[in-house]
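This report considers helix geometry, burial and aromatic pairing in a single protein chain. Please keep the sequence and the coordinates in view while reading.

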Amino acid sequence: MKKNVLLLETIADDALTILEEHVNVLTGYDEASLIEVLKNPEIHAVITRGKGQISKALMEACPALLIAARCGVGLDNVDVQEATNRNIMVINAPGSNAATIAEHSLSLMLMLMRNMYESVSQVKQDNWNWRNQYAGDELNGKTLGILGMGNIGKRVAKLGEAFGMNVLYWSRSPQDLPYTYLSMNEVLQQSDVVSLHLPFTKETGTIIGEEQLALMKPNSLLINTARGALIDHEALLKALNDQKISGFAADVLPEEPPVPGFPILHHSRALVTPHSGSLTASTYRQMCMLTVKNVVAVLKGETPDAKSIFNYSALKERV
């Protein structure tokens, strides 16, 4: 008998086709449809992307649940601890967004450093003469400081190196890499561009506040494609206004979508994209396919990729 899988959000067409071949697909894209679906107690897996919450309440409503899955990497919208307590596998797609987020990070660096967004905007306003007041620089020869040297951080380091940048980094421990490992404070002090590639956890918390921003060079740039809550945005706004740093660019904010009028969005030296770094056609499909294939494997009694089971170690200890 086919297992029942609940989708909280749409997924890539190819992934949906695979899912429909092997399981019964139920959808709860809005509150009304979700309430209707949950009348069926035999939900064996729930799949979400970035918005749908796999919460304790949802798990309680699905007593037969075996899998809580996200077509993506971060698990902010999945209650991992509750799932583990209930012996529910948490499946994601680790590493699937490394290339695209690294590209997005470099794009933001280039746009800020070269003042590219303003250049394009002025030309669209028929102001070709803006070139006479253009002020910008280049990445070549600058020092790139990376906080967090996981899959994405390593990719950003390679791209920065290809652009002729000198790479420094800080992470929880030094790694066997051809880059200089320093303390976080030293990275902040010595870098022309600081790029964040850390998860937001109880251990990390907000790592960039007034004290850290004060360590940075006045002409430095801060890039965040990790998690918005890693930065104290009140302190960031003050640092930009007081010219303690030169610019800020991000694909993430503490609250998404932001409240209307959120100051950073409209700051003249800030660029923000709408958490779209991993929404390229290639990466979106890859994240969905990886997650769906592993969900199907578990439900059919086959062996999934152990790396895709986020709480594998914790579940193994409970056996």
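## Basis for the burial terms

A residue is called buried when its relative accessible area is under 20%, exposed when that area is over 50%, and partly exposed in between. The model discussed here is predicted.

## Helix H7

Helix H7 comprises 12 residues, 151–162, for which a rise of 1.5 Å a residue gives an expected span of 16 Å, and the 17 Å between its end C-alpha atoms agrees with that. Its buried residues are Ile152, Gly153, Val156, Ala157 and Gly160. These residues cover an arc of only 140 degrees around the axis, which means that they lie on the same side of H7, whereas Asn151, Lys158 and Ala162 are exposed on the other side.

The cover over the buried residues of H7 includes helix H5 (98–113) together with the strands E6 (143–147), E7 (166–170) and E9 (193–196). After H7 comes Gly164, with a positive phi near 85 degrees.

## Helix H5

Helix H5, with 16 residues, reaches 22 Å from its first C-alpha to its last, close to the expected 22 Å. Its buried residues include Ile101, Leu108 and Leu112, and H5 is followed by Asn115, whose positive phi is near 55 degrees.

## Aromatic pairs

The structure holds 2 aromatic pairs. Trp130 and Tyr134 are arranged edge-to-face, at 5.9 Å centre to centre and with 75 degrees between the planes; Trp130 is buried at 9% relative accessible area, while Tyr134 is partly exposed at 34%.

Tyr169 and Tyr181 also form an edge-to-face pair, at 5.3 Å and 65 degrees. Because Tyr169 lies in strand E7 and Tyr181 in strand E8, this pair ties together parts that are 12 residues apart in sequence. Tyr169 has a relative accessible area of 0% and is therefore buried, whereas Tyr181, at 30%, counts as partly exposed.

Methods:
Residues numbered from 1 in each chain as written. Predicted model: local features only at pLDDT ≥ 70, side-chain atom pairs only at ≥ 80, totals over all residues. Heavy atoms only, no water. Helix = DSSP H or I, 4+ residues; strand = E, 2+ residues; numbered from the N terminus. Expected span 1.5 Å × (residues − 1). Buried < 20%, exposed > 50% of the residue type's maximum accessible area, 1.4 Å probe, protein only. Arc of directions from axis to C-beta. Contact = heavy atoms within 4.5 Å. Phe/Tyr/Trp six-rings, centres within 6.5 Å; stacked < 30°, edge-to-face > 60°.
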